[in-house]
Amino acid sequence: MTPLGRTEPDRCPGVLAVHEAADGGLARVRLPGGVLSAQQLRVLAAAAVELGDGHLELTSRANVQIRALRPGAPVELSERLYAAGLLPSISHERVRNILASPLSGLDTHGRYDVLPLARDLDRLLCARPALAELPGRFLFALDDGRGDLASAKADVAVRMVDSQLAELLLAGAPTGVLLPPEQAPDLMVAAAEAFLAERAQQQSEAWRLAELLNGPQRVLARLGLQEQAALQHVPGEHLAAGAGTAQAVEACEGGPALEGEGRVPRAAVPRAGWVQDGVGVGAFVVGVPLGVLDGEQAAVIAGVAGGWESLGASEAVLRVTRGRGVVVVGVAEEDLTQLAGCGLVVEAESAWNGVTSCAGRPGCGKALGDVRGDARRVVPGWSGGQKAVHWSGCERRCGKPGGEFVDVVALASGGYSVDGVAMTVDEVGDGVRVQ
Ligand code: SF4
């Protein structure tokens, strides 16, 4: 047991360092800002079909996972991803954890388009050899001012105050340090370097800034910014030995299919439908049932976005959201039939909205049931508009959302516990409706 109460080192998976799950290797591909081109989505989908189980899993950090990789497949996968521009650095692949507001630049609710900043931050991060030592859980975030990333509690973040100024946040707390947005990537990289230096000085094994003693204050001092800062105290900011680590461990053990440290409240993710108050392009939020894309669905999304891309679109045409959906740029009304026809969600009142699950069988050896298979069988029959619902294969409840949700947990005896009441899978819908 280590001083922070951990029994294992950081094992967040990457492309080469895959997690060995019950159904084979699980690779996680980082997508800084959640951004993908249509061609990159095609490459990922082909890799999933030819090297894995044929599916792409979207994560709560807006990344993508491929599972059931056979032995040796990670090498071929890494070559394909490198050629597609999805693996610019082998040494830094697990530390390119960068969230950005997925609707940035597409509507009038953001104060500044932060996606170019995410790109710059990624480039700077990969250019600093020392930053390859960041823990795989260390998280950056760029919030365009709409506040949709607050629940992520990123270690180093900026939030746009207006179109001219951004504020630095550390461990989820505002610091009072203001800067022009174009300077944000440099400062964020410097803050990450300060984290590593402070971690070494404290002889800590911290994965997150909040695990260091006075971490945000120490980082600000190392950056020479303490005079400007008005850091707000966050209760429990420093985690005592052993405290607060179980959740982080859970996110990567047993349920590596879902990245879940910053639980995503339903209100923080855009719902299926047209992007409201848009600024000129037809952008649409597509819901992906249980966050799992099959080959046909990926091909349809890539086809729609690819048409727009081929016209010379300057926007990032695909953006994975923390709610396991995809923002597709360049959608026309007639595309909706195609998107809906392959099982994607195009209506805000769909029964799938707010329904999440862990991996369950066969991917997780701890699972007591095939939660995804059961959910796919019964959820389409629900009327929609229900509370958030999370299906889990066991009591660990990996990937559960933030806020209130109906708790559906597989039972060893068969069937499910729905908020503590045993039911058959066909009765789960009744249990959800009467909440
Ligand atoms: S079965 Fe349990 S351990 Fe496995 S992914 Fe689901 S909740 Fe996590």
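**A pocket between two domains, an open sheet and a ligand shell**

Strand E16 contributes three residues to the lining of the second largest pocket, the largest share of that lining. In this predicted model, the second largest pocket has a volume of about 460 Å³, and of the 32 residues that line it, Val269, Gly323, Gly354, Val355 and Thr356 are the closest to its centre. The elements giving two or more residues to this lining are strand E12 (283-287) and strand E16 (355-357). By class, the lining of the second largest pocket comprises 16 nonpolar, 11 polar and five charged residues. Because domain 2 (267-341) and domain 3 (355-433) both give residues to the lining, the second largest pocket lies between these domains.

An open sheet is built from five strands in the order E1-E2-E5-E4-E13, with antiparallel pairing. Strand E1 (19-21) and strand E13 (292-294) stand at the edges, and each has a single partner strand, so that one side of each is left without a neighbour in the sheet. On average, and with direction ignored, neighbouring strands of this sheet are turned by 30° against each other. Strand E4 (residues 55-58) runs antiparallel to E13 and is joined to it by three bridges; Glu57 has Val292, in E13, as its bridge partner.

Turning to the ligand, 12 residues are found around it, of which Cys358, Cys364, Cys394, Arg396 and Cys398 come nearest. The shell around the ligand consists, by class, of six nonpolar, three polar and three charged residues.

Key:
Residues are numbered from 1 along each chain as its sequence is written. This is a predicted model: local features need pLDDT of at least 70, side-chain atom pairs count only at pLDDT 80 or more; totals for chains, interfaces and linings use all residues. Side-chain values use heavy atoms; hydrogens and water are left out. Two strands pair if DSSP finds at least two bridges between them. Helices (H or I, at least four residues) and strands (E, at least two) are DSSP runs, numbered from the N terminus. Axes are lines fitted to C-alpha atoms, for helices over the stretch in contact, and angles run from 0 to 180 degrees between N-to-C directions. A residue is near a molecule or strand if one of its heavy atoms lies within 4 Å of it. Ala, Val, Leu, Ile, Met, Phe, Trp, Tyr, Cys and Pro count as nonpolar, Asp, Glu, Lys and Arg as charged, and the others, Gly among them, as polar. On a 1 Å grid over the protein atoms alone, a cavity is a set of points where a 1.4 Å probe fits but cannot get out, and a pocket is an open set with protein on both sides within 12 Å along at least five of seven lines; lining residues have an atom within 4 Å of a point. Grid points are joined across faces, edges and corners, and a volume is the space filled by probe spheres set on the points. Domain bounds come from an automatic or database domain assignment.
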